[in-house]
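The following exercises concern one protein model and are each followed by a worked solution. Please examine the sequence and the structure before reading the solutions.

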Amino acid sequence: MEPAISHSAKRRNSLFARIFRVGLISALTALIAAAWAQPSTAAGDAARGKYLFDAAGCLGCHTDIKNKGNPLAGGRELKTPFGAYYSPNITPDADSGIGKWSDADFIRALRNGVAPNGSHYFPVFPYPSYTGMTDKDMLDIKAYIFTTPPHKTVNKPHRTLPPFGTRLFVGPWKALHFTPGPLQPDPAKSAQWNRGAYLVRAVGHCAECHTPRNLLGAKKTDMDMAGTADGPDGGTVPNITPDRKTGIGRWSADELEDFLDSGMLPDGDFAGSDMGDVIDQSTSRLSKADRKAMVEYLRSLPAVDNRIEAKKKSPAKIKKKK
Ligand code: HEC
Ligand code: HEC
């Protein structure tokens, strides 16, 4: 039997060892965290921002590709039942773009749909979805945008039907149909599901096209992702709820994941129109893990019986990644 003294000495020793180990580990953790946090100072992490910028599809909407407009210089026409809206210049040009914007200005635009001068943005800018993004993700996107070349392009005025052309109308609309704030994770669900929800709802803004709207342009909440014959530019948008007859309930998880990667439908046809752009510019550029997360979330949505006859074009010119 060992004497009591050596017993407590041993305990003290191991206690010291433990404190030392814990100290060493926390010092290392702090070092790693500091190194990790290095590029993402308050100004935002542009590389991380590029990934989110792609996932959010900012480029397609803010570039007048049809008329060979400069990247992010705006002027793309967006046809809606309320008239034609034109995306603004969001290059870092100080006069015609957003070069003078503060971080707070940028967050307020995406989170609240409010301009630096206090006026409301029309919800054709999908801030009702982007509002769910975190401040960090918004600022990383801003950091990336500010690394892109500035272009002097003056914004085109919208051509809309009254009262949809007046910003005064947007305030009351928002009061009724818009809830600002970052998406709250559901602790009852897996991390993968929550990541998927974040990518589908907030960043990928899938519901902006896939959820039908009422006469005032508000999304019908009981028809979430159930498709519409009055989609953007007057096109049809299919039902992507897991309904087996009218939605994509018969697709396997792999088929859905492949679709988001390559645009190929289970029948071998290819997604056309706006979805071709979403795949080309956004979902095909995501990591496999992120696509899997989106698939898990999409397959957990409530099934809605709503038949939409989708027009299919084949085959879309889908450029492969990078
Ligand atoms: C579906 C098309 C669409 C997408 C996608 C889109 N925007 Fe826009 N955005 C618009 C339109 C249209 C406006 C103008 C709204 C208005 O005039 O009220 C706008 C306005 C803005 C403004 C305000 C600019 C100013 O001069 O006041 C900023 C900033 C902006 N968008 C950034 C982004 C970012 C960042 C993304 C990606 C995360 C993005 N947008 C994605 C269509 C889009
Ligand atoms: C700008 C509008 C728009 C956005 C945003 C959008 N989609 Fe689509 N989506 C469409 C259109 C239009 C089609 C039909 C394409 C066709 O006719 O070939 C479609 C087709 C699909 C299909 C194929 C369904 C079928 O039965 O053929 C799936 C799945 C899909 N989208 C998922 C998504 C997901 C997930 C997102 C978010 C990351 C998303 N979409 C964002 C417009 C959009």
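**Exercise 1.** Which residues of helix 2 are buried? State also what covers them.

*Solution.* The model is predicted, and its protein contains 12 helices and 3 strands. Step one is to locate helix 2, which spans residues 46-56. Step two is to list its buried residues: G49, L52, F53, D54, A55 and A56. Step three is to identify the cover over these buried residues, which includes helix 3 (58-61), helix 5 (127-130), helix 6, helix 8 (191-203) and helix 11 (273-281). Finally, consider the residue just after helix 2: G57 has a positive phi of about 65°. For the wider setting, 32% of the 322 residues of the protein count as buried.

**Exercise 2.** Determine how helix 2 is oriented with respect to helix 6, and name the residues in their contact.

*Solution.* Begin with the axes: those of helix 2 and helix 6 come within 7 Å and cross at roughly 100°. Angles of 65 to 115 degrees count as roughly perpendicular. Helix 2 is therefore roughly perpendicular to helix 6. Next, name the residues. Helix 2 contributes A46, R48, G49, K50, L52, F53 and A56, while helix 6 contributes D137, D140, I141, A143, Y144 and I145. Sorted by class, this contact comprises 8 nonpolar, 1 polar and 4 charged residues.

**Exercise 3.** Carry out the corresponding analysis for helix 4 and helix 6.

*Solution.* Helix 4 covers residues 103-112 and helix 6 covers residues 135-145; their axes come within 10 Å and cross at roughly 115°. Helix 4 and helix 6 are therefore roughly perpendicular to each other. The crossing of helix 4 past helix 6 is right-handed. In the contact, D103, F106, I107 and L110 of helix 4 meet D135, M138, L139 and K142 of helix 6. The class count for this contact is 5 nonpolar, no polar and 3 charged residues. To interpret such lists, recall that an α-helix has 3.6 residues a turn, so residues three or four places apart point the same way.

**Exercise 4.** Describe the surroundings of ligand 1 and of ligand 2.

*Solution.* Take ligand 1 to begin with. It is surrounded by 20 residues, and the closest are A56, C58, C61, Y121 and F125. Of these, A56 is also among the buried residues of helix 2. The shell around ligand 1 consists of 17 nonpolar, 3 polar and no charged residues.

Now turn to ligand 2. There are 29 residues around it, and G204, C206, C209, D274 and M275 come nearest. Two or more residues of this shell come from each of helix 9 (207-210), helix 11 and helix 12 (288-299). Helix 11 gives the most, with 4 residues. The shell around ligand 2 divides into 16 nonpolar, 8 polar and 5 charged residues. Within helix 11, the buried residues are M275, V278, I279, D280 and Q281; their cover includes helix 2, helix 3 and helix 10 (253-262).

**Exercise 5.** Is P128 buried, partly exposed or exposed?

*Solution.* P128 lies in helix 5. A residue needs 20 or more other C-beta atoms within 10 Å to be buried, and 12 or fewer to be exposed. P128 has 19 C-beta neighbours inside 10 Å and therefore counts as partly exposed. Beyond its neighbours within four places in sequence, P128 is in contact with P123 and F178. The C-alpha atoms of P128 and R111 are separated by 7.9 Å, although these residues stand 17 residues apart along the chain.

Notes
Residues numbered from 1 in each chain as written. Chains lettered and ligands numbered in written order. Predicted model: local features only at pLDDT ≥ 70, side-chain atom pairs only at ≥ 80, totals over all residues. Axes fitted to C-alpha atoms, helices over the stretch in contact; angles between N-to-C directions. Parallel < 35°, antiparallel > 145°, perpendicular 65-115°, else oblique. Left-handed = near helix turned anticlockwise from the far one by under 90°. Contact = placed C-beta atoms within 7 Å. Nonpolar A, V, L, I, M, F, W, Y, C, P; charged D, E, K, R; others polar. Near = placed C-beta within 6 Å.
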